[in-house]
Amino acid sequence: MKDGRFLTLGIETSCDETAASVVADGRFVMSNVISSQIDIHTAYGGVVPEIASRKHLERINDVIGKAMADAGVSASDIDLIGVTYGPGLVGALLIGVAAAKAMAYACDIPLVGVNHMHGHIAANYLEHNDLEPPFMALIVSGGHTEIVNVPEYNKCEKLGGTRDDAAGEAFDKVARVIGLGYPGGPKIDRAAKEGDAESIAFKRVYLEHGSLDFSFSGLKTQALNYLNQERQAGREINVNNVAASFQEAVVEVIADKAVMAAEKYRQKRIVMAGGVASNSRLRALIEEKAGARDIDVLKPSPVLCTDNGAMIASAAFYAYRAGAEPDLELDAVPGLEF
Amino acid sequence: MKAIDNFRRNLNTEDDTRAFGLEIAEALEPGDVVALIGDLGTGKTALTKYIAEGLGVTEEINSPTFTIVKEYRSGRLPLYHFDVYRLGSGEELLDIGAEEMLDGDGVCVIEWADIVADVLPDDAAAIQLEYGENEGERIAEFL
């Protein structure tokens with residue numbers, strides 16, 4: 001405790017980012033340190049687990065130290081530690097979990113494990129201080145495309161998810177084949193602004209009537225087929241048009257399904273989360289479609305969309321408040337479900 | 001792995017891919033490794049889904065690109081589904097602890113296996129997937 005406020009240290013190492021943050025009362029970000037490995041990964045066109053683990057290990061202590069220094073607190077002020085224990089890359093997760101356990105043990109602070117996906121949703125509690133459940137959450141990132149009903153804190157009902165590739169993954173793969181490189185999402189977003197989204201008619205994949213699941217693998221194949229066909233015909237490929245048309249086909253389906261889910265569960269708010277929630281076209285389209293049905297759309301600022309420790313701290317705070325048992329035996333669970 | 005006819009298959013429809021996946025699943029034994037090789041969009045994940053179906057896996061199989069490997073235990077044998085698209089070498093595969101799975105009680109299906117070929121067992125069943133003549137058609141060949 002410091003100045004009567006409950007302090008949570010959040011630690012996140014599930015993928016690219018080594019991150020730590022101190023959050024007061026589950027809502028107020030006192031510090032948010034993110035050390036990204038994206039420069040390293042750019043050279044490889046994706047996340048390389050071995051590098052990820054090694055870099056996390058090199059940085060974790062400094063990142064935690066800086067998070068506490070930036071917040072002006074010391075370990076004795078921390079009331080709770082929250083750490084991501086899945087889903088993610090096993091080697092990467094283990095670094096955060098081990099660091100959190102060591103600190104919890106040495107300083108006698110309760111430790112709770114946080115599901116990374118719950119963290120993404122909790123990012124919105126930091127951005128919108130008056131937000132409380134119930135609401136509909138849409139999580140779109142490199143590894144996930146999920147629609148989740150959130151009836152109360154710490155309760156998440158997954159209504160739909162991807163059956164093959166995640167949205168961000170589809171962006172990455174298509175960006176790679178059209179030569180835009182990694183990370184694919186922001187690069188496609190930027191190129192799409194210069195392109196015509198109606199220039200190529202990629203088929204939208206909605207699956208069975210009423211389904212809240214997604215499938216982007218076929219769309220990826222459509223894009224590849226288009227590129228092959230154009231190359232064989234000797235036509236020059238307009239990268240911006242491919243980016244815009246592909247992006248539109250992805251985000252239109254996501255926006256439609258998120259709105260459909262909100263209507264079905266009578267939620268008046270859609271809360272966006274995950275890296276792809278920063279996609280400018282997705283944001284615009286979902287606001288347009290939701291707005292037409294009197295549904296509000298909330299989204300965290302880009303820094304909270306990316307993986308960060310603050311969202312983990314917030315999720316840990318609410319889990320602890322709801323009675324989550326502190327666990328010093330915590331282990332990483334790479335395939336953790338909702 | 002039990003004997004399987006290793007002639008070249010024309011997978012002209014999704015049903016053909018399913019039949020092939022089920023046939024592979026039928027032949028799988030503990031410790032088997034299926035190495036799938038093929039470009040983006042040639043149906044590696046789709047084939048894996050049908051292998052999983054054949055094993056009796058009830059969970060949804062989706063792309064493991066993000067976490068490199070996903071584990072499914074609801075079938076006749078444990079299934080380790082790898083996508084090593086983001087890896088640079090076989091050594092990196094071992095770095096994430098894959099050895100236990102490669103040499104374990106279950107079966108491994110590895111997408112983009114050519115990237116990690118140097119650390120795969122010699123008796124891995126390597127299957128190359130390629131685009132067929134027409135859109136939607138694929139050709140599968142044992143290497």
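**Notebook: a predicted two-chain model**

I began with helix H4 (residues 116-127) of chain A, which lies across strands S2 (18-24), S3, S4 and S5 of chain A and runs at about 95 degrees to S5(A). I note at the outset that this is a predicted model, and I read every entry below with that in mind.

**Entry 1: the sheet in chain A**

I then looked up how the strands under H4(A) are arranged, and found an open sheet of five strands in the order S3-S2-S1-S4-S5 (chain A), with mixed pairing. The edge strands are S3 (28-35) and S5 (111-115) of chain A, each of which pairs on one side only. On average, and with direction ignored, neighbouring strands of this sheet are turned by 20 degrees against each other.

For the pairing of S5(A), I followed strand S4 (residues 80-86) of chain A, which runs parallel to S5(A) and is joined to it by five bridges. As one point to find by eye, I noted that A:Gly82 has A:Val112 in S5(A) as its bridge partner. Helix H11 (residues 309-321) of chain A also packs on the sheet, where it touches S1 (7-12), S2, S3, S4 and S5 of chain A, and its direction makes about 125 degrees with that of S1(A).

**Entry 2: helices H8 and H9 of chain A**

I next checked the length of helix H8 (residues 239-264) of chain A. At 1.5 Å a residue, its 26 residues should span 38 Å, and because the end C-alpha atoms of H8(A) are 38 Å apart, the expected and computed values agree. H8(A) is mostly covered, with 19 of its 26 residues buried, and it is followed by A:Arg266, whose phi is positive, near 50 degrees.

How do I describe a helix pair? Two packed helices are described by the angle between their axes and the distance between the axes. The axes of H8(A) and helix H9 (residues 280-291) of chain A come within 9 Å and cross at roughly 40 degrees, and the crossing is right-handed. I listed the residues that meet there: from H8(A) they include A:Val251, A:Ile254, A:Ala255, A:Ala258 and A:Val259, and from H9(A) they include A:Leu282, A:Leu285, A:Ile286 and A:Lys289. By class, the residues of this contact divide into ten nonpolar, one polar and five charged.

**Entry 3: strand S2 of chain B**

Turning to chain B, I asked whether strand S2 (residues 33-37) is mostly covered or left open. It is mostly covered, since five of its five residues are buried. B:Val33, B:Ala35 and B:Ile37 point one way from S2(B), while B:Val34 and B:Leu36 point the other way, and all are buried.

I looked up the partners of S2(B) as well. S2(B) pairs in the parallel sense with strand S5 (residues 107-111) of chain B over four bridges, and B:Val34 has B:Val109 as its bridge partner in S5(B). S2(B) also runs parallel to strand S6 (residues 125-131) of chain B, again with four bridges, and here B:Ala35 has B:Ala126 in S6(B) as its bridge partner.

**Entry 4: where the chains touch**

Last, I looked up the contact between the chains, in which 28 residues of chain A are in contact with 21 residues of chain B. Helices H2 (49-71), H3 (90-107), H5 (167-177) and H7 (217-232) of chain A each supply at least two residues of the side of chain A that touches chain B. H7(A) gives the most to that side, with five residues. By class, I recorded eleven nonpolar, ten polar and seven charged residues on the side of chain A that touches chain B.

Methods: Residues numbered from 1 in each chain as written. Chains lettered and ligands numbered in written order. Predicted model: local features only at pLDDT ≥ 70, side-chain atom pairs only at ≥ 80, totals over all residues. Buried ≥ 20, exposed ≤ 12 C-beta atoms within 10 Å, placed from the backbone. Pairing = 2+ DSSP bridges. Contact = placed C-beta atoms within 7 Å. Nonpolar A, V, L, I, M, F, W, Y, C, P; charged D, E, K, R; others polar. Axes fitted to C-alpha atoms, helices over the stretch in contact; angles between N-to-C directions. Left-handed = near helix turned anticlockwise from the far one by under 90°. Expected span 1.5 Å × (residues − 1).
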